[in-house]
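Work through the exercises below with the sequence and the coordinates open beside you. Try each task before reading its solution.

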Amino acid sequence: MRKVVFYGAMSIDGYLADEQDSLQWLFDTNLAGVSTYEAFIEQVDTVVMGKTTYDEVKKMLGEEPLYPGKQKIVFTHQMKGSFPEGRYVDGDVNTIIKDLKVATGKWIWIVGGGGLVTSLMASELIDDYWIQLAPVFLGSGKRLFPEGDYEQRVTFVEATQMGEMVELHYQKKQMTKKK
């Protein structure tokens with residue numbers, strides 16, 4: 001069975017984007033040449049995100065390809081059909097991820113946004129979390145973990161310092177959700 005993983009950054013106060021969906025605060029963070037991304041992305045063949053996240057990442061990349069060689073799945077109620085290397089989907093997030101999980105392949109990377117992440121957390125479908133903490137307080141914006149029914153305890157795996165940023169790696173514990 002394939003792993004479903006979250007790998008992403010947030011501000012110290014828990015935001016994944018500012019009020020305008022900008023991630024500039026993240027790109028202003030000095031990593032001092034240290035990155036775990038290259039090793040991480042080699043384990044991934046499917047990238048899943050919401051439409052807002054997709055649009056923001058595309059805007060930041062400009063003409064650069066979006067996660068080349070990876071299948072892209074974008075959740076949206078607005079678009080239908082396929083695009084190069086991917087498809088738009090509209091349906092139950094948990095059912096779609098469960099179907100992906102049993103298919104042959106490498107890891108499934110949940111890029112964002114917060115609603116997608118917390119829905120999968122509530123169903124205990126995320127196996128591993130790599131959360132990078134950037135040295136910034138945004139004060140407002142889009143929360144990585146909006147309120148929801150996803151209480152659970154995870155197991156600490158390791159911490160990695162990347163310049164000004166710290167990455168925390170956790171794994172879910174089985175059957176941790178309170179009933």
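The exercises that follow treat the sheet, the helices on it, the pocket and three single residues.

The model is a predicted one, in which local features need pLDDT of at least 70 and side-chain atom pairs count only at pLDDT 80 or more, while totals for chains, interfaces and linings use all residues. Residues are numbered from 1 along each chain as its sequence is written, and side-chain values use heavy atoms, with hydrogens and water left out.

**Exercise 1. The sheet**

Task: Determine the strand order of the open sheet and name its edge strands.

Solution. Begin with the elements themselves: helices (H or I, at least four residues) and strands (E, at least two) are DSSP runs, numbered from the N terminus. Two strands then pair if DSSP finds at least two bridges between them. By this criterion nine strands form an open sheet with mixed pairing, in the order 5-6-4-3-7-1-8-11-10. The edges are strand 5 (82–83) and strand 10 (154–162), each of which pairs on one side only.

Next, take individual pairs. Strand 1 runs parallel to strand 7, with three bridges between them, and phenylalanine 6 stands opposite isoleucine 110 in strand 7. Strand 1 is also parallel to strand 8, joined to it by seven bridges, where methionine 10 has leucine 133 as its bridge partner. Strand 8 (residues 128–134) and strand 11 (residues 165–172), by contrast, are antiparallel over six bridges, and one partnership there is that of tyrosine 129 with tyrosine 170 in strand 11.

**Exercise 2. Burial of strand 1**

Task: Explain why strand 1 can be called largely enclosed by the rest of the structure.

Solution. Apply the burial scale, on which buried means under 20% relative accessible area, exposed over 50%, and partly exposed in between (1.4 Å probe, protein chains only). Eight of the eight residues of strand 1 are buried, so the strand is largely enclosed by the rest of the structure. Sorting the side chains by direction, Val4, Phe6, Gly8 and Met10 point one way, whereas Val5, Tyr7, Ala9 and Ser11 point the other way, and all are buried.

**Exercise 3. Two helices**

Task: For helix 3 and helix 5, list the buried residues.

Solution. In helix 3, the buried residues are Lys51, Thr53, Tyr54, Glu56 and Val57. These buried residues pack against strand 3, strand 4, strand 5, strand 6 and strand 7, where contact means heavy atoms within 4.5 Å. Just after helix 3, glycine 62 adopts a positive phi of about 60 degrees.

Helix 5 is mostly covered, with seven of its nine residues buried, namely Gly114, Leu116, Val117, Thr118, Leu120, Met121 and Ala122. Just after helix 5, glutamate 124 has a positive phi of about 50 degrees.

**Exercise 4. The largest pocket**

Task: Describe the volume and the lining of the largest pocket.

Solution. Fix the terms before reading the values. On a 1 Å grid over the protein atoms alone, a pocket is an open set of points where a 1.4 Å probe fits, with protein on both sides within 12 Å along at least five of seven lines, and lining residues have an atom within 4 Å of a point. Grid points are joined across faces, edges and corners, and the volume is the space filled by probe spheres set on the points. The largest pocket holds about 1200 Å³ of space.

Its lining has 49 residues, and those nearest the centre are Leu23, Leu26, Val57, Tyr67 and Val111. Helix 3 gives the most to this lining, with seven residues. Sorted by class, the lining comprises 27 nonpolar, 16 polar and six charged residues, where Ala, Val, Leu, Ile, Met, Phe, Trp, Tyr, Cys and Pro count as nonpolar, Asp, Glu, Lys and Arg as charged, and the others, Gly among them, as polar.

**Exercise 5. Three residues**

Task: Classify tryptophan 25, isoleucine 12 and aspartate 149 as buried, partly exposed or exposed.

Solution. Tryptophan 25, in helix 1, counts as buried because its relative accessibility is 9%. Leaving aside neighbours within four places in sequence, its contacts include Ala9, Tyr15, Ala134 and Leu138. Isoleucine 12, in the loop between strand 1 and strand 2, counts as partly exposed at 44% relative accessibility. Under the exclusion of neighbours within four places in sequence, isoleucine 12 is in contact with Ala134, Pro135, Val136 and Phe137. Aspartate 149, in the loop between strand 9 and strand 10, is exposed, with a relative accessible area of 55%.
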